[in-house]
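Let's take a walk through this chain together. Have a look at the whole thing before we zoom in.

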Amino acid sequence: MGKIQILPESIVGKIAAGEVVERPASVVKELIENSIDAGANSISVYIKNFGIAEIKVIDDGEGIASEDVLLAFQRHATSKIKDDRDLIRISSLGFRGEALYSIARVSKIKIITQHITENTGTEAYFVAGTLKWQKPAVTKGTTIQITDLFFNTPVRRKFLKSSYTEKAHIIETFQNYCVAYPEISFSLFINEEEILNIPRADTIYERVLQIFGSEIVETLKFKTISKDYYKIELFIGEKPKEKYKKLQLIFVNRRPVREQSIVSTIYKAFKLNYPQFLIFITVPPQDVDFNVHPAKKEVRFRNCQKIHQLIFKMAEFQYKSSMVAEETVQWQADSSYLEQISVFSADSAEFEFLNLGDSIVVVKQPQGVIFLDYHAAHERVNFEKILNKMKEKIAKLVFPVIVNLSSDDYVLIKENMQMLQELGIEAHDFGKNSIIIRAVPEIIQYTDIAGIIESIAVTIKEEIDKPDFIEIKRKIAATIACHSSLRANDRINCFEIKALLQELKKTSDPDHCPHGRPIKKFFSINEIKKWFSR
(Lines give C-alpha, C1' and ligand atoms only; values in the text may rest on other atoms or scores of the structure.)
Protein backbone atom coordinates (compact mmCIF):
# COMPACT_ATOMS: atom_id res chain seq x y z
CA MET A 1 0.00 0.00 0.00
CA GLY A 2 1.34 3.41 -0.96
CA LYS A 3 2.37 5.94 1.69
CA ILE A 4 1.41 9.14 -0.12
CA GLN A 5 -2.02 10.55 0.60
CA ILE A 6 -3.92 13.78 -0.01
CA LEU A 7 -4.29 15.80 3.19
CA PRO A 8 -7.84 16.58 4.32
CA GLU A 9 -9.02 20.18 3.93
CA SER A 10 -9.02 20.76 7.71
CA ILE A 11 -5.26 20.09 7.89
CA VAL A 12 -4.53 21.99 4.68
CA GLY A 13 -6.33 24.99 6.15
CA LYS A 14 -4.32 24.89 9.36
CA ILE A 15 -1.05 24.64 7.41
CA ALA A 16 -2.05 27.64 5.30
CA ALA A 17 -3.02 29.53 8.43
CA GLY A 18 0.36 28.74 9.95
CA GLU A 19 2.06 30.47 7.03
CA VAL A 20 -0.10 33.60 7.10
CA VAL A 21 -1.24 33.91 10.73
CA GLU A 22 1.90 33.76 12.84
CA ARG A 23 0.50 35.74 15.78
CA PRO A 24 -2.37 38.17 16.58
CA ALA A 25 -0.48 41.01 14.88
CA SER A 26 -0.63 39.02 11.63
CA VAL A 27 -4.42 39.11 11.80
CA VAL A 28 -4.40 42.85 12.44
CA LYS A 29 -2.08 43.33 9.45
CA GLU A 30 -4.23 41.33 7.02
CA LEU A 31 -7.47 42.99 8.08
CA ILE A 32 -6.03 46.51 7.91
CA GLU A 33 -4.73 45.75 4.41
CA ASN A 34 -8.19 44.59 3.34
CA SER A 35 -9.71 47.79 4.74
CA ILE A 36 -7.18 49.95 2.88
CA ASP A 37 -7.84 48.07 -0.37
CA ALA A 38 -11.56 48.66 0.19
CA GLY A 39 -10.93 52.42 0.04
CA ALA A 40 -11.57 53.11 3.72
CA ASN A 41 -11.17 56.66 5.04
CA SER A 42 -11.34 55.52 8.66
CA ILE A 43 -10.12 52.30 10.29
CA SER A 44 -10.63 51.35 13.95
CA VAL A 45 -9.02 48.33 15.64
CA TYR A 46 -10.17 46.87 18.97
CA ILE A 47 -8.06 44.33 20.86
CA LYS A 48 -8.87 42.24 23.93
CA ASN A 49 -6.38 40.07 25.83
CA PHE A 50 -3.55 40.85 23.36
CA GLY A 51 -5.67 39.58 20.46
CA ILE A 52 -6.41 36.08 21.69
CA ALA A 53 -9.85 36.93 23.05
CA GLU A 54 -10.86 39.40 20.34
CA ILE A 55 -9.64 41.37 17.35
CA LYS A 56 -12.21 43.63 15.75
CA VAL A 57 -11.58 45.87 12.75
CA ILE A 58 -14.19 48.39 11.58
CA ASP A 59 -13.84 50.38 8.38
CA ASP A 60 -15.97 52.65 6.20
CA GLY A 61 -14.78 51.17 2.92
CA GLU A 62 -16.90 50.04 -0.01
CA GLY A 63 -17.95 46.79 1.67
CA ILE A 64 -18.41 43.32 0.19
CA ALA A 65 -21.30 42.41 -2.08
CA SER A 66 -23.72 39.84 -0.65
CA GLU A 67 -22.93 37.29 -3.33
CA ASP A 68 -19.19 37.59 -2.55
CA VAL A 69 -19.24 37.23 1.24
CA LEU A 70 -19.00 33.44 1.35
CA LEU A 71 -16.55 33.41 -1.54
CA ALA A 72 -14.23 35.73 0.40
CA PHE A 73 -13.62 32.93 2.92
CA GLN A 74 -12.59 30.39 0.28
CA ARG A 75 -8.91 29.68 -0.35
CA HIS A 76 -7.26 31.77 -3.09
CA ALA A 77 -10.33 33.97 -3.34
CA THR A 78 -9.38 37.52 -4.33
CA SER A 79 -10.77 40.47 -6.27
CA LYS A 80 -7.29 41.83 -7.03
CA ILE A 81 -5.91 39.21 -9.45
CA LYS A 82 -7.65 38.37 -12.72
CA ASP A 83 -4.91 36.68 -14.77
CA ASP A 84 -1.18 35.92 -14.68
CA ARG A 85 -0.33 39.36 -16.04
CA ASP A 86 -1.66 40.89 -12.81
CA LEU A 87 0.94 38.96 -10.83
CA ILE A 88 3.72 41.14 -12.26
CA ARG A 89 2.02 44.48 -11.66
CA ILE A 90 0.54 44.19 -8.18
CA SER A 91 -0.71 47.50 -6.80
CA SER A 92 -3.00 46.30 -4.00
CA LEU A 93 -2.07 45.03 -0.54
CA GLY A 94 -4.11 41.86 0.01
CA PHE A 95 -3.69 40.10 -3.31
CA ARG A 96 -2.95 36.48 -2.31
CA GLY A 97 -6.53 35.57 -1.42
CA GLU A 98 -5.57 33.60 1.70
CA ALA A 99 -6.07 36.06 4.56
CA LEU A 100 -9.73 35.54 5.48
CA TYR A 101 -9.53 31.84 4.66
CA SER A 102 -6.50 31.33 6.89
CA ILE A 103 -7.79 33.48 9.77
CA ALA A 104 -11.17 31.73 9.73
CA ARG A 105 -9.51 28.30 9.96
CA VAL A 106 -7.98 29.06 13.37
CA SER A 107 -10.67 31.23 14.97
CA LYS A 108 -14.32 32.08 15.29
CA ILE A 109 -15.12 34.95 12.99
CA LYS A 110 -18.11 37.19 12.40
CA ILE A 111 -18.42 39.56 9.46
CA ILE A 112 -20.96 42.34 8.97
CA THR A 113 -20.67 44.09 5.62
CA GLN A 114 -22.66 45.93 3.01
CA HIS A 115 -21.53 47.04 -0.42
CA ILE A 116 -22.08 50.72 -1.20
CA THR A 117 -24.33 49.82 -4.17
CA GLU A 118 -26.66 47.56 -2.14
CA ASN A 119 -29.55 48.36 0.20
CA THR A 120 -29.01 45.29 2.37
CA GLY A 121 -25.80 43.74 3.54
CA THR A 122 -24.79 40.41 5.06
CA GLU A 123 -23.88 39.13 8.52
CA ALA A 124 -22.20 35.72 8.73
CA TYR A 125 -20.54 33.62 11.43
CA PHE A 126 -17.83 30.98 10.91
CA VAL A 127 -16.17 28.54 13.31
CA ALA A 128 -12.90 27.00 12.14
CA GLY A 129 -13.80 28.01 8.58
CA THR A 130 -17.24 26.42 8.63
CA LEU A 131 -20.28 28.66 8.09
CA LYS A 132 -22.65 28.42 11.07
CA TRP A 133 -25.24 30.98 10.08
CA GLN A 134 -25.91 33.87 7.72
CA LYS A 135 -28.53 36.61 7.73
CA PRO A 136 -29.28 40.02 6.17
CA ALA A 137 -27.89 43.15 7.85
CA VAL A 138 -27.82 46.90 7.35
CA THR A 139 -24.51 48.60 7.99
CA LYS A 140 -21.84 50.78 6.44
CA GLY A 141 -18.47 49.44 5.36
CA THR A 142 -17.22 46.25 6.99
CA THR A 143 -16.82 44.99 10.54
CA ILE A 144 -14.83 41.80 11.12
CA GLN A 145 -14.67 40.33 14.62
CA ILE A 146 -12.25 37.49 15.36
CA THR A 147 -12.64 35.70 18.71
CA ASP A 148 -10.87 32.80 20.40
CA LEU A 149 -7.85 32.94 18.07
CA PHE A 150 -5.96 29.61 17.79
CA PHE A 151 -8.67 27.82 19.80
CA ASN A 152 -8.21 24.72 17.62
CA THR A 153 -4.41 24.98 17.34
CA PRO A 154 -3.29 25.04 21.00
CA VAL A 155 0.36 24.50 20.05
CA ARG A 156 0.35 27.78 18.11
CA ARG A 157 -1.18 29.56 21.11
CA LYS A 158 1.38 27.95 23.43
CA PHE A 159 4.26 29.37 21.40
CA LEU A 160 3.03 32.95 21.57
CA LYS A 161 5.20 35.32 23.59
CA SER A 162 4.21 37.35 26.64
CA SER A 163 1.13 39.56 26.56
CA TYR A 164 3.31 42.66 26.28
CA THR A 165 5.35 41.27 23.40
CA GLU A 166 2.21 40.39 21.44
CA LYS A 167 0.67 43.80 22.15
CA ALA A 168 3.91 45.47 21.07
CA HIS A 169 3.77 43.61 17.75
CA ILE A 170 0.17 44.73 17.26
CA ILE A 171 1.03 48.37 18.01
CA GLU A 172 4.06 48.26 15.71
CA THR A 173 2.00 46.75 12.88
CA PHE A 174 -0.77 49.29 13.38
CA GLN A 175 1.69 52.22 13.44
CA ASN A 176 3.37 51.10 10.23
CA TYR A 177 0.14 51.41 8.27
CA CYS A 178 -0.63 54.71 9.97
CA VAL A 179 2.69 56.03 8.67
CA ALA A 180 2.17 54.70 5.14
CA TYR A 181 -1.39 56.04 4.73
CA PRO A 182 -1.65 59.58 6.12
CA GLU A 183 -4.92 60.19 4.24
CA ILE A 184 -6.68 57.61 6.45
CA SER A 185 -7.65 58.19 10.09
CA PHE A 186 -6.79 55.33 12.46
CA SER A 187 -7.70 54.46 16.03
CA LEU A 188 -6.49 51.60 18.22
CA PHE A 189 -8.07 50.38 21.47
CA ILE A 190 -6.53 47.68 23.67
CA ASN A 191 -8.68 46.31 26.49
CA GLU A 192 -11.08 49.26 26.01
CA GLU A 193 -8.28 51.82 26.45
CA GLU A 194 -7.49 54.17 23.60
CA ILE A 195 -3.84 53.68 22.65
CA LEU A 196 -3.71 55.68 19.42
CA ASN A 197 -6.10 58.08 17.75
CA ILE A 198 -4.57 59.42 14.55
CA PRO A 199 -6.62 61.87 12.45
CA ARG A 200 -6.00 62.08 8.71
CA ALA A 201 -3.00 64.14 7.64
CA ASP A 202 -2.19 66.01 4.44
CA THR A 203 1.44 64.90 4.20
CA ILE A 204 3.76 62.11 5.30
CA TYR A 205 5.64 64.68 7.40
CA GLU A 206 2.45 65.49 9.35
CA ARG A 207 1.76 61.81 9.91
CA VAL A 208 5.31 61.10 11.12
CA LEU A 209 4.93 64.05 13.51
CA GLN A 210 1.58 62.69 14.77
CA ILE A 211 3.01 59.29 15.57
CA PHE A 212 6.58 59.89 16.70
CA GLY A 213 6.33 63.43 18.12
CA SER A 214 8.37 66.57 17.60
CA GLU A 215 11.29 65.36 19.75
CA ILE A 216 12.15 62.67 17.20
CA VAL A 217 11.06 64.53 14.07
CA GLU A 218 13.26 67.52 14.92
CA THR A 219 16.32 65.24 14.74
CA LEU A 220 15.44 64.07 11.22
CA LYS A 221 16.31 65.64 7.89
CA PHE A 222 13.99 65.11 4.93
CA LYS A 223 15.38 64.23 1.53
CA THR A 224 13.79 63.14 -1.73
CA ILE A 225 15.05 62.02 -5.12
CA SER A 226 13.44 60.58 -8.25
CA LYS A 227 14.57 59.12 -11.55
CA ASP A 228 12.95 56.96 -14.25
CA TYR A 229 9.69 56.38 -12.32
CA TYR A 230 11.68 55.55 -9.16
CA LYS A 231 11.15 57.85 -6.20
CA ILE A 232 12.67 57.80 -2.71
CA GLU A 233 11.57 59.93 0.24
CA LEU A 234 13.80 59.70 3.30
CA PHE A 235 13.66 60.99 6.86
CA ILE A 236 17.07 60.42 8.41
CA GLY A 237 18.96 61.50 11.51
CA GLU A 238 21.21 60.30 14.29
CA LYS A 239 21.11 60.23 18.07
CA PRO A 240 23.94 59.76 20.56
CA LYS A 241 24.52 56.18 21.64
CA GLU A 242 23.12 56.63 25.15
CA LYS A 243 19.87 58.09 23.78
CA TYR A 244 19.57 55.77 20.80
CA LYS A 245 16.34 53.95 20.19
CA LYS A 246 16.22 52.07 16.95
CA LEU A 247 13.78 53.60 14.48
CA GLN A 248 14.33 52.10 11.03
CA LEU A 249 11.27 51.69 8.81
CA ILE A 250 11.19 50.75 5.14
CA PHE A 251 8.12 51.13 2.92
CA VAL A 252 7.97 49.95 -0.68
CA ASN A 253 4.96 51.17 -2.61
CA ARG A 254 3.45 51.99 0.80
CA ARG A 255 3.88 48.47 2.12
CA PRO A 256 6.06 48.00 5.25
CA VAL A 257 8.79 45.47 4.46
CA ARG A 258 12.09 44.10 5.71
CA GLU A 259 15.03 44.58 3.37
CA GLN A 260 18.47 44.33 4.96
CA SER A 261 20.28 45.44 1.81
CA ILE A 262 18.47 48.81 1.99
CA VAL A 263 19.48 49.17 5.66
CA SER A 264 23.10 48.37 4.83
CA THR A 265 23.14 50.87 1.98
CA ILE A 266 21.84 53.65 4.24
CA TYR A 267 24.56 52.90 6.80
CA LYS A 268 27.26 52.99 4.14
CA ALA A 269 25.94 56.03 2.27
CA PHE A 270 25.33 58.33 5.23
CA LYS A 271 28.16 57.02 7.44
CA LEU A 272 26.14 57.22 10.65
CA ASN A 273 26.82 55.07 13.71
CA TYR A 274 23.33 55.25 15.21
CA PRO A 275 20.96 56.24 12.40
CA GLN A 276 17.22 56.67 12.63
CA PHE A 277 15.30 56.66 9.39
CA LEU A 278 12.02 56.19 7.59
CA ILE A 279 12.42 55.48 3.89
CA PHE A 280 9.56 55.46 1.38
CA ILE A 281 10.44 53.80 -1.93
CA THR A 282 8.07 54.04 -4.90
CA VAL A 283 8.78 51.89 -7.95
CA PRO A 284 6.70 50.70 -10.92
CA PRO A 285 4.55 47.70 -9.82
CA GLN A 286 6.17 45.45 -12.41
CA ASP A 287 9.63 46.15 -10.89
CA VAL A 288 8.89 44.69 -7.46
CA ASP A 289 7.78 41.25 -6.25
CA PHE A 290 5.93 41.01 -2.93
CA ASN A 291 5.07 37.37 -3.47
CA VAL A 292 8.33 36.10 -1.97
CA HIS A 293 6.94 35.57 1.54
CA PRO A 294 3.47 34.20 2.49
CA ALA A 295 2.95 37.16 4.84
CA LYS A 296 4.40 39.59 2.25
CA LYS A 297 7.10 40.79 4.67
CA GLU A 298 9.95 40.48 2.22
CA VAL A 299 10.44 42.02 -1.18
CA ARG A 300 12.47 41.43 -4.32
CA PHE A 301 13.39 44.20 -6.76
CA ARG A 302 13.97 43.84 -10.48
CA ASN A 303 16.55 46.64 -10.36
CA CYS A 304 17.83 46.83 -6.79
CA GLN A 305 21.04 48.54 -7.91
CA LYS A 306 19.13 51.62 -9.07
CA ILE A 307 17.67 52.07 -5.57
CA HIS A 308 21.09 51.78 -3.96
CA GLN A 309 22.52 54.32 -6.40
CA LEU A 310 19.74 56.80 -5.62
CA ILE A 311 20.36 56.44 -1.87
CA PHE A 312 24.08 57.17 -2.35
CA LYS A 313 23.15 60.14 -4.52
CA MET A 314 20.97 61.52 -1.72
CA ALA A 315 23.86 61.18 0.73
CA GLU A 316 26.03 63.43 -1.44
CA PHE A 317 23.77 66.44 -0.90
CA GLN A 318 25.82 68.05 1.89
CA TYR A 319 24.43 65.85 4.63
CA LYS A 320 25.64 66.78 8.11
CA SER A 321 25.98 63.89 10.54
CA SER A 322 26.29 66.13 13.60
CA MET A 323 22.66 67.22 13.71
CA VAL A 324 22.18 66.18 17.32
CA ALA A 325 24.53 67.51 19.98
CA GLU A 326 25.49 64.97 22.61
CA GLU A 327 24.52 65.98 26.11
CA THR A 328 27.23 65.47 28.69
CA VAL A 329 26.92 65.44 32.45
CA GLN A 330 29.76 66.87 34.52
CA TRP A 331 30.71 64.52 37.34
CA GLN A 332 32.16 65.59 40.66
CA ALA A 333 33.61 63.47 43.40
CA ASP A 334 31.29 63.13 46.41
CA SER A 335 32.53 64.73 49.62
CA SER A 336 32.39 61.26 51.18
CA TYR A 337 35.22 60.20 48.85
CA LEU A 338 37.40 63.07 50.11
CA GLU A 339 36.78 62.14 53.73
CA GLN A 340 37.95 58.57 53.09
CA ILE A 341 41.13 59.63 51.29
CA SER A 342 43.09 61.84 53.65
CA VAL A 343 46.24 61.95 51.53
CA PHE A 344 44.68 63.89 48.63
CA SER A 345 46.30 67.25 49.19
CA ALA A 346 49.49 65.78 50.63
CA ASP A 347 50.48 63.60 47.69
CA SER A 348 48.39 64.83 44.79
CA ALA A 349 51.57 65.94 43.06
CA GLU A 350 52.80 62.32 43.13
CA PHE A 351 49.58 61.03 41.58
CA GLU A 352 50.31 61.17 37.87
CA PHE A 353 48.10 60.25 34.94
CA LEU A 354 47.95 60.69 31.19
CA ASN A 355 44.86 61.02 28.99
CA LEU A 356 44.67 58.59 26.07
CA GLY A 357 41.85 59.21 23.62
CA ASP A 358 38.43 60.23 24.93
CA SER A 359 37.81 57.92 27.91
CA ILE A 360 41.06 56.15 28.77
CA VAL A 361 43.64 57.35 31.27
CA VAL A 362 47.00 55.83 32.18
CA VAL A 363 47.64 56.03 35.92
CA LYS A 364 51.14 55.68 37.32
CA GLN A 365 51.47 53.12 40.13
CA PRO A 366 54.47 52.19 42.32
CA GLN A 367 54.87 48.83 40.55
CA GLY A 368 53.66 49.74 37.06
CA VAL A 369 50.79 51.49 35.27
CA ILE A 370 47.01 51.04 35.03
CA PHE A 371 45.07 51.68 31.83
CA LEU A 372 41.64 52.77 33.09
CA ASP A 373 38.35 53.29 31.21
CA TYR A 374 36.89 55.87 33.58
CA HIS A 375 33.39 55.72 32.05
CA ALA A 376 33.25 51.94 32.63
CA ALA A 377 34.70 52.36 36.15
CA HIS A 378 32.14 54.98 37.07
CA GLU A 379 29.39 52.78 35.63
CA ARG A 380 30.43 49.90 37.94
CA VAL A 381 30.47 52.18 41.01
CA ASN A 382 27.07 53.72 40.20
CA PHE A 383 25.56 50.37 39.23
CA GLU A 384 26.20 48.86 42.63
CA LYS A 385 24.97 51.97 44.41
CA ILE A 386 21.78 51.96 42.40
CA LEU A 387 21.19 48.23 42.75
CA ASN A 388 22.01 47.97 46.44
CA LYS A 389 20.88 51.33 47.80
CA MET A 390 18.26 52.40 45.31
CA LYS A 391 15.69 53.47 47.89
CA GLU A 392 18.03 54.95 50.49
CA LYS A 393 18.38 58.38 48.88
CA ILE A 394 15.36 59.39 46.82
CA ALA A 395 15.13 62.93 45.48
CA LYS A 396 11.70 64.52 45.06
CA LEU A 397 11.76 66.56 41.87
CA VAL A 398 10.86 70.22 42.34
CA PHE A 399 9.62 70.21 38.76
CA PRO A 400 8.20 66.78 37.83
CA VAL A 401 9.32 65.48 34.45
CA ILE A 402 6.70 64.51 31.85
CA VAL A 403 8.04 61.81 29.53
CA ASN A 404 6.40 61.33 26.14
CA LEU A 405 6.75 57.78 24.87
CA SER A 406 5.96 55.80 21.76
CA SER A 407 2.71 53.85 22.04
CA ASP A 408 4.38 50.48 22.61
CA ASP A 409 6.81 51.87 25.19
CA TYR A 410 3.93 53.61 26.96
CA VAL A 411 2.01 50.34 27.30
CA LEU A 412 5.16 48.59 28.51
CA ILE A 413 6.04 51.19 31.14
CA LYS A 414 2.46 51.28 32.42
CA GLU A 415 2.52 47.52 32.92
CA ASN A 416 5.82 47.69 34.80
CA MET A 417 5.27 50.68 37.11
CA GLN A 418 5.92 48.47 40.15
CA MET A 419 9.38 47.62 38.84
CA LEU A 420 10.16 51.32 38.48
CA GLN A 421 9.01 51.88 42.07
CA GLU A 422 11.37 49.15 43.25
CA LEU A 423 14.19 50.99 41.50
CA GLY A 424 13.32 54.21 43.29
CA ILE A 425 11.54 55.91 40.38
CA GLU A 426 8.15 57.35 41.30
CA ALA A 427 6.20 57.27 38.04
CA HIS A 428 2.50 57.77 37.31
CA ASP A 429 0.35 57.51 34.22
CA PHE A 430 -0.20 60.94 32.66
CA GLY A 431 -2.36 59.79 29.73
CA LYS A 432 -1.91 60.16 25.97
CA ASN A 433 1.29 58.11 25.81
CA SER A 434 2.90 60.09 28.64
CA ILE A 435 4.04 59.35 32.19
CA ILE A 436 5.05 61.80 34.91
CA ILE A 437 8.14 61.29 37.07
CA ARG A 438 7.93 62.85 40.55
CA ALA A 439 10.97 61.30 42.29
CA VAL A 440 14.14 59.47 41.29
CA PRO A 441 17.22 58.09 43.01
CA GLU A 442 19.40 61.01 44.06
CA ILE A 443 22.26 59.76 41.92
CA ILE A 444 20.33 60.39 38.67
CA GLN A 445 18.30 63.49 39.49
CA TYR A 446 20.43 65.75 37.27
CA THR A 447 20.66 63.40 34.30
CA ASP A 448 18.45 62.92 31.23
CA ILE A 449 15.49 61.31 33.01
CA ALA A 450 13.40 60.99 29.84
CA GLY A 451 16.28 59.22 28.11
CA ILE A 452 16.63 56.86 31.07
CA ILE A 453 12.93 55.92 30.95
CA GLU A 454 13.16 55.23 27.21
CA SER A 455 16.25 53.07 27.79
CA ILE A 456 14.48 51.20 30.58
CA ALA A 457 11.63 50.44 28.17
CA VAL A 458 14.11 49.01 25.67
CA THR A 459 15.74 46.91 28.40
CA ILE A 460 12.44 45.46 29.62
CA LYS A 461 11.40 44.80 26.02
CA GLU A 462 14.55 42.76 25.39
CA GLU A 463 14.01 40.65 28.50
CA ILE A 464 10.22 40.53 28.75
CA ASP A 465 9.91 36.90 27.66
CA LYS A 466 12.23 35.73 30.43
CA PRO A 467 10.83 35.10 33.93
CA ASP A 468 14.01 36.21 35.73
CA PHE A 469 12.93 39.66 36.92
CA ILE A 470 16.01 39.97 39.14
CA GLU A 471 18.13 39.91 35.99
CA ILE A 472 15.80 42.47 34.38
CA LYS A 473 16.28 44.78 37.37
CA ARG A 474 20.04 44.33 37.10
CA LYS A 475 19.93 45.38 33.45
CA ILE A 476 17.75 48.37 34.28
CA ALA A 477 20.15 49.40 37.04
CA ALA A 478 22.99 49.09 34.51
CA THR A 479 21.06 51.32 32.10
CA ILE A 480 20.54 53.97 34.76
CA ALA A 481 24.21 53.73 35.78
CA CYS A 482 25.28 54.28 32.18
CA HIS A 483 23.20 57.48 31.95
CA SER A 484 24.47 58.83 35.26
CA SER A 485 28.17 58.12 34.73
CA LEU A 486 31.07 60.06 33.28
CA ARG A 487 31.01 60.36 29.52
CA ALA A 488 33.84 60.11 27.05
CA ASN A 489 35.54 63.52 26.78
CA ASP A 490 34.33 64.60 30.24
CA ARG A 491 37.09 66.37 32.12
CA ILE A 492 38.45 64.47 35.10
CA ASN A 493 41.22 65.49 37.49
CA CYS A 494 43.65 63.55 39.67
CA PHE A 495 41.45 63.84 42.77
CA GLU A 496 38.47 62.33 40.92
CA ILE A 497 40.54 59.53 39.41
CA LYS A 498 41.94 58.61 42.80
CA ALA A 499 38.48 58.72 44.38
CA LEU A 500 37.11 56.59 41.56
CA LEU A 501 39.82 53.94 42.00
CA GLN A 502 39.18 53.88 45.74
CA GLU A 503 35.43 53.34 45.24
CA LEU A 504 36.05 50.76 42.51
CA LYS A 505 37.95 48.57 44.99
CA LYS A 506 34.78 48.29 47.11
CA THR A 507 32.63 46.87 44.31
CA SER A 508 31.89 43.19 43.79
CA ASP A 509 33.62 43.14 40.37
CA PRO A 510 36.19 45.95 40.00
CA ASP A 511 37.43 44.51 36.70
CA HIS A 512 34.22 44.68 34.64
CA CYS A 513 31.46 47.21 33.98
CA PRO A 514 27.81 46.11 34.42
CA HIS A 515 27.70 45.13 30.73
CA GLY A 516 30.69 42.81 31.11
CA ARG A 517 33.31 44.96 29.40
CA PRO A 518 36.78 45.28 31.04
CA ILE A 519 37.42 48.38 33.16
CA LYS A 520 41.18 48.38 33.68
CA LYS A 521 44.38 46.65 32.75
CA PHE A 522 47.53 46.64 34.91
CA PHE A 523 51.01 46.30 33.45
CA SER A 524 53.85 45.73 35.90
CA ILE A 525 57.26 47.32 35.44
CA ASN A 526 58.79 43.88 34.90
CA GLU A 527 56.22 43.08 32.19
CA ILE A 528 56.92 46.36 30.45
CA LYS A 529 60.67 45.68 30.58
CA LYS A 530 60.09 42.39 28.81
CA TRP A 531 58.60 44.30 25.87
CA PHE A 532 62.07 45.76 25.36
CA SER A 533 63.95 42.50 26.10
CA ARG A 534 65.33 43.90 29.34
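Start with the surface: the chain's accessible area comes to about 26,900 Å², and carbon and sulfur atoms own 51% of that (areas by the Shrake-Rupley method with a 1.4 Å probe, and for residues only the protein chains shown count as cover). Keep in mind that you're looking at a predicted model, where local features need pLDDT of at least 70, side-chain atom pairs count only at pLDDT 80 or more, and totals for chains, interfaces and linings use all residues. Residues are numbered from 1 along each chain as its sequence is written, and side-chain values use heavy atoms, with hydrogens and water left out.

Of the 534 residues, 50% are buried (under 20% relative accessible area, with a 1.4 Å probe and protein chains only). The chain has 17 helices and 22 strands; these are DSSP runs numbered from the N terminus, H or I over at least four residues for helices and E over at least two for strands.

Now zoom in on one open sheet. Its five strands come in the order 9-10-13-11-12, with mixed pairing (two strands pair if DSSP finds at least two bridges between them). At the edges sit strand 9 (220-227) and strand 12 (255-257), each pairing on one side only. Strand 12 pairs with strand 11 (residues 248-252) in the antiparallel sense, over three bridges. One bridge to spot there joins Ile250 to Val257 in strand 12.

Finally, find helix 8 (residues 304-315), which lies across strand 9, strand 10 (230-238) and strand 13 (275-282). Helix 8 runs at about 50° to strand 10, an angle between N-to-C directions on a scale from 0 to 180 degrees, using axes fitted to C-alpha atoms, for helices over the stretch in contact (heavy atoms within 4.5 Å).
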